[in-house]
Amino acid sequence: MIFCDFRITFADFASFFLIANSMKIIITEFMDERAVEQLTAHHEVVYDPKLVDKPAQLLAAAATCQAIIVRNRTQVRGELLAALKQCKVVGRLGVGLDNIDVAGCEAAGMQVIPATGANALSVAEYVIASTMLLLRGAFAATDDVIAGRWPRNALSNGRETAGKTLGIIGFGGIGQLTGKLAKGLGMNVIAYDPVMKSDAPAFAQIGAKAASLDEVIATADVVTLHVPLVDGTRGLFNAERIALMKPGSILINTSRGHIVDVAAVAESLKSGHLGGAALDVFDTEPMPAEPMFEACPGLILTPHISGVTYEGNERVSFMIADLVLKALK
Ligand code: NAD
């Protein structure tokens, strides 16, 4: 004789409820694993940090998901957007939305959620560190010192940071935080933002002067870009504008590729007009081997990492996990 126990416990009920309400979330690029676990506790999760590089698998997974979480490499447009037939939410592990067809997503009923502000401090610290390294110019001497060459005379004209003028292009979240850190170092801060009125409270709060684009370019010792990639910023720092920058000045781009003409930067460094440059973002990412950057003095190149630190990644990942869970309720 078979005895069946049909009693339903609260735990059975809860797990039935969870399964019945479970949705599918796909994560196509790297995310903090503890934030992934937070999502897994509520929904079915497909987490593959390399899914972005497997187009067929990505499209197949996209067809049945209710949420997709991406960084900046996954292009949520065209074929992928069309495949997201059941998707309700696009979580962006970062802030720039140039890899997402936001209007197309919204027209298809999807909410697009960026991690506003979560990695701003990482970017701002990268800008300050690059500023100090490039003005001082003494930190690439390790190999010479190891080899006993002692290049003390050659490095004795490094510049201090205090008293220099930082010109910020785009005075939003990251631009303002960078300005605040720069003021702490005794820098003068001027900023250009065509969307903000010159009497916007942020200028006075930070102690920055509102300036025109031409004024920033002509007077800043260090120019740093914090604008989105849109029609108005594409090609903003072309060869002509770079030539108008102060001799010996420094250009830092952590915003997006296509905003700075990097070939013009390389030429300007080699000619001795620019005194340094830090480039974190490129027209094509990952950037293939690029000989034009070889032997450029005062050049720092990084692989789109200014916003990615241990702490920044944690904040970005948990913010998006929370917001995606809320959006799926
Ligand atoms: P934000 O929206 O807070 O600020 C952008 C500012 O740019 C706004 O104040 C806007 O008015 C201004 N702006 C728009 N068009 C402009 C123009 N033509 N000239 C000057 N200013 C203009 O954004 P944010 O959080 O400060 O981020 C800025 C950009 O930084 C993002 O769009 C993203 O592309 C980039 N970013 C890069 C990384 C990285 O790891 N490299 C990380 C985070 C953000």
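## Exercises on a two-domain predicted model

Between domain 1 and domain 2 the count is one salt bridge, that is, a side-chain nitrogen of Lys or Arg within 4 Å of a carboxyl oxygen of Asp or Glu. This is a predicted model, in which local features need pLDDT of at least 70 and side-chain atom pairs count only at pLDDT 80 or more, while totals for chains, interfaces and linings use all residues. Residues are numbered from 1 along each chain as its sequence is written, and side-chain values use heavy atoms, with hydrogens and water left out.

**Exercise 1.** Locate the two domains of the protein chain and describe the contact between them.

*Solution.* Begin with the bounds, which come from an automatic or database domain assignment: domain 1 covers 12–118 + 311–328, and domain 2 covers 120–301. Next, take the centres over C-alpha atoms, which for domain 1 and domain 2 lie 33 Å apart. The contact (heavy atoms within 4.5 Å) draws nine residues from domain 1 and seven residues from domain 2. Finally, turn to the buried area, meaning the accessible area (1.4 Å probe) that two parts lose on being put together, summed over both; for domain 1 and domain 2 this is about 560 Å², with 39% of it on carbon and sulfur atoms.

**Exercise 2.** Identify which side chains meet in a salt bridge between R256 and D98, and establish where each residue sits and whether each is buried or partly exposed.

*Solution.* The side chains of R256 and D98 come together at 2.9 Å, N to O. Along the chain the partners are 158 residues apart, with R256 in the loop between β10 (250–253) and α12 (262–271), and D98 in the loop between β4 (89–92) and α5 (102–107); here helices (H or I, at least four residues) and strands (E, at least two) are DSSP runs, numbered from the N terminus. For accessibility, buried means under 20% relative accessible area, exposed over 50%, and partly exposed in between (1.4 Å probe, protein chains only). R256, at 12%, is therefore buried, whereas D98, at 28%, counts as partly exposed.

**Exercise 3.** Compare the accessibility of the partners in the salt bridges R34 with D32 and R149 with D144.

*Solution.* In the first pair the closest N and O atoms of R34 and D32 are 2.9 Å apart; R34 is partly exposed at 39%, while D32 is buried at 9%. In the second pair the corresponding separation for R149 and D144 is 2.7 Å, and here R149 is exposed at 52%, with D144 partly exposed at 26%. Salt bridges that share partners also join D32, R34 and E314 into one network.
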